[in-house]
Amino acid sequence: MKNQVKTGKQVSAWIGAVLVLGVLAAGVFAPLLAPSDPLDVHMAHRLAGPSAEYPLGTDHLGRCVLSRLLYGTRLSLFDALAVLAAVFAVSVPVGLLAGYAGGRTDRIIMTVIDVLLAFPGLILALAVAAMLGPGALHLLLAFAAVWWAGYARLIRGMVLQLKENDYVLAARASGSSHLRIAFDHILRGAARPILVLASMETGTILLSLAGLSFLGLGAQPPVPEWGVMLSDSRPYIQTEPNLMLFPGLAIAVSVLGFNLLAEGLREPGGPSRSWRNSFGGAAPKRSRAAKPAASARIEAQRGHGE
Amino acid sequence: MTHLGVVLLGVSLITFGLMHLAPGDPAEIMLRANGVQPAREAVEALRHSLGLDAPLHIQYLNWLGRVLRLDLGVSLATGEPVAQELRSRLPATARLALCSILVAAALALPLGTASALRPGSLLDRLGRLVSLASVSMPAYWLGLLLLFYGAVRLKWFPAAGMDGPASAALPAITLGFGMAGVYIRLIRAGMLDVLGRPYIRAARARGLRAGSVIVRHALRNALLPSATLLGLQIGGLLGGAAIVETLFAWPGIGKFAVDAIYAKDYVAIQGYVLLTALIVAAVNLGVDLLYRLLDPRIKKI
């Protein structure tokens with residue numbers, strides 16, 4: 001039984017890795033793979049079906065759908081990765097600091113995090129981007145400014161747990177500096193759950209970014225971004241349903257890849273389970289059922305509520 | 001409780017600060033709403049009448065005082081009070097949210113329970129597949145697909161707007177399907193855990209029927225974490241509602257906010273952000289109180 005679970009996990013990890021690498025390669029090699037220029041308008045060939053020249057047909061301006069999809073990877077996926085990098089650049093040091101330092105520092109950081117988490121993330125990011133004005137860069141900034149809080153909280157939770165390990169105590173006893181302990185010992189211990197988290201959240205960020213572009217609040221036409229392409233296809237839903245099929249599929253397949261990869265990377269019983277629990281996510285076997293999410297909440301409220 | 005107060009204070013500070021993120025002066029933005037560069041004197045006069053020439057902390061206190069009297073300002077786009085605009089649209093969003101939670105429950109309860117009863121079975125795999133699809137599927141794409149099949153091809157449901165119960169079907173399925181995935185996993189994990197407990201065996205040993213043990217003894221306890229998650233997810237639900245409401249022209253606060261962003265109606269955006277944060281805070285407080293009722297071991301909130 002246990003063996004079965006393990007192979008199942010490995011299969012999803014492999015499928016996820018293949019999907020993710022495939023999409024990444026599509027983005028990197030887009031100039032080589034794309035049959036035509038993604039911005040080339042050919043009104044004579046508009047809304048054409050698949051052909052040798054346009055393998056997936058053309059859109060309402062006669063642009064090659066396949067080329068736009070390939071180049072779209074560069075915007076949709078690479079923007080999501082950029083947001084992820086920015087988010088982790090903030091949340092890892094902040095979470096590390098809060099968990100490791102504890103006390104007053106922890107309380108102040110956690111209060112800021114709780115305030116940010118009181119807002120629906122997508123809505124606050126939307127509002128910040130709206131205030132800053134349209135543009136992909138503003139959207140990236142808005143996402144990074146809002147999205148870091150949840151991760152910082154999770155990373156703090158991991159650090160709190162890892163801090164109690166004997167090897168940390170040993171490192172402290174042997175006179176290692178705080179910085180060295182925090183980065184060398186604790187962060188390394190949290191590397192795997194952070195990787196799982198990163199893989200899963202790339203999918204979420206990609207979904208949100210493309211969603212905002214779909215609403216016309218993110219990337220702007222004519223750029224070949226998947227959300228923009230979906231939005232472009234809306235007026236033709238009755239006559240050319242194929243147009244909305246491919247960009248949506250591209251988003252769904254990419255997100256699925258990251259989710260499968262995250263699922264496969266998570267070790268059963270490893271440290272990753274603690275953060276899933278604290279988020280109320282899929283709880284692996286535990287001795288007391290209703291407790292995990294509840295106790296995490298109560299702990300969160302109590303720890304810095306006095 | 002003090003903690004809630006501190007969080008609400010922070011929420012008000014951020015919401016107030018949002019207005020000052022916009023490039024340029026709020027008075028100028030308000031006057032420029034119709035696209036014409038306003039005269040200097042007009043901007044100065046409006047600045048004075050809005051109290052924008054006062055120091056920032058006085059401005060904040062004034063704003064807070066108005067908010068506490070439920071005055072969220074006047075929409076730049078419609079000229080109506082924002083509080084009134086939001087109040088008239090809130091029931092539509094509440095209806096959509098409720099319907100989507102029902103859709104999510106209709107998927108997650110049977111699938112989560114069945115997966116836990118027979119781990120590794122066909123139903124368990126189906127549950128895993130549905131939950132993977134649910135978390136990977138873009139809601140706006142699912143919405144488009146449903147629009148195409150449900151409204152364009154089959155003509156079973158209206159494509160847009162809110163009239164009659166049938167109109168809620170497509171948006172609620174779109175939003176509910178996206179929520180269902182995590183609950184399937186959560187209910188499955190909770191059930192697996194509860195089913196191994198001694199009191200379940202005791203109930204079976206007393207001769208109670210399997211169905212009643214599963215529903216009345218096991219499921220009830222396995223559902224507790226889902227209640228917490230619903231509290232945590234309410235923000236995500238409101239964010240998703242903004243996209244789905246826009247797609248289906250559902251007259252709720254989410255569509256109002258997206259329209260406000262198009263119209264650069266900063267006052268309305270600010271009001272909407274504040275309202276959603278308050279809803280999230282209220283729902284989470286409600287979940288905490290509910291827990292205190294359900295679990296007497298928890299004394300303090």
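This briefing covers helix packing in chain A, then two backbone spots and the domains of chain B. The model is predicted. In chain A, helix α6 packs against α3 and against α4. In chain B, Ala249(B) and Lys264(B) each have a positive phi. Chain B is also divided into two domains.

**Helix packing in chain A**

- Two packed helices are described by the angle between their axes and the distance between the axes.
- Helix α3 of chain A spans residues 65-101, and helix α6 of chain A spans residues 136-162.
- Their axes come within 6 Å and cross at roughly 40°.
- That angle makes α3(A) oblique to α6(A), because angles under 35 degrees would count as roughly parallel and 65 to 115 as roughly perpendicular.
- The crossing of α3(A) and α6(A) is right-handed.
- The contact of α3(A) with α6(A) involves 21 nonpolar residues, three polar and two charged.
- Helix α4 of chain A, residues 103-118, also packs with α6(A).
- Here the angle is about 130°, and the axes are 9 Å apart.
- α4(A) and α6(A) are therefore oblique to each other, because only angles over 145 degrees count as roughly antiparallel.
- The crossing of α4(A) and α6(A) is left-handed.
- On the α4(A) side, the contact residues include Asp106(A), Met110(A), Ile113(A) and Leu117(A).
- On the α6(A) side, they include Ala145(A), Trp148(A), Arg153(A) and Arg156(A).
- The residues of the contact of α4(A) with α6(A) divide into nine nonpolar, one polar and four charged.

**Positive phi in chain B**

- Most residues other than glycine have a negative phi.
- Ala249(B) is not a glycine, yet its phi is positive, at about 50°.
- Ala249(B) sits in the loop between α11 (224-247) and α12 (253-262) of chain B.
- The relative accessible area of Ala249(B) is 31%, so Ala249(B) is partly exposed.
- Lys264(B) is another residue other than glycine with a positive phi, near 55°.
- Lys264(B) lies in the loop between α12 and α13 (266-294) of chain B.
- Lys264(B) has 45% relative accessibility, so Lys264(B) counts as partly exposed.

**Domains of chain B**

- Domain 1 of chain B covers 2-68, and domain 2 covers 91-294.
- Taken over C-alpha atoms, the centres of domain 1 and domain 2 of chain B are separated by 36 Å.
- The two domains of chain B are in contact, with 12 residues from domain 1 and nine residues from domain 2.

How values were computed
Residues numbered from 1 in each chain as written. Chains lettered and ligands numbered in written order. Predicted model: local features only at pLDDT ≥ 70, side-chain atom pairs only at ≥ 80, totals over all residues. Heavy atoms only, no water. Axes fitted to C-alpha atoms, helices over the stretch in contact; angles between N-to-C directions. Helix = DSSP H or I, 4+ residues; strand = E, 2+ residues; numbered from the N terminus. Left-handed = near helix turned anticlockwise from the far one by under 90°. Nonpolar A, V, L, I, M, F, W, Y, C, P; charged D, E, K, R; others polar. Buried < 20%, exposed > 50% of the residue type's maximum accessible area, 1.4 Å probe, protein only. Domains from an automatic or database assignment. Contact = heavy atoms within 4.5 Å.
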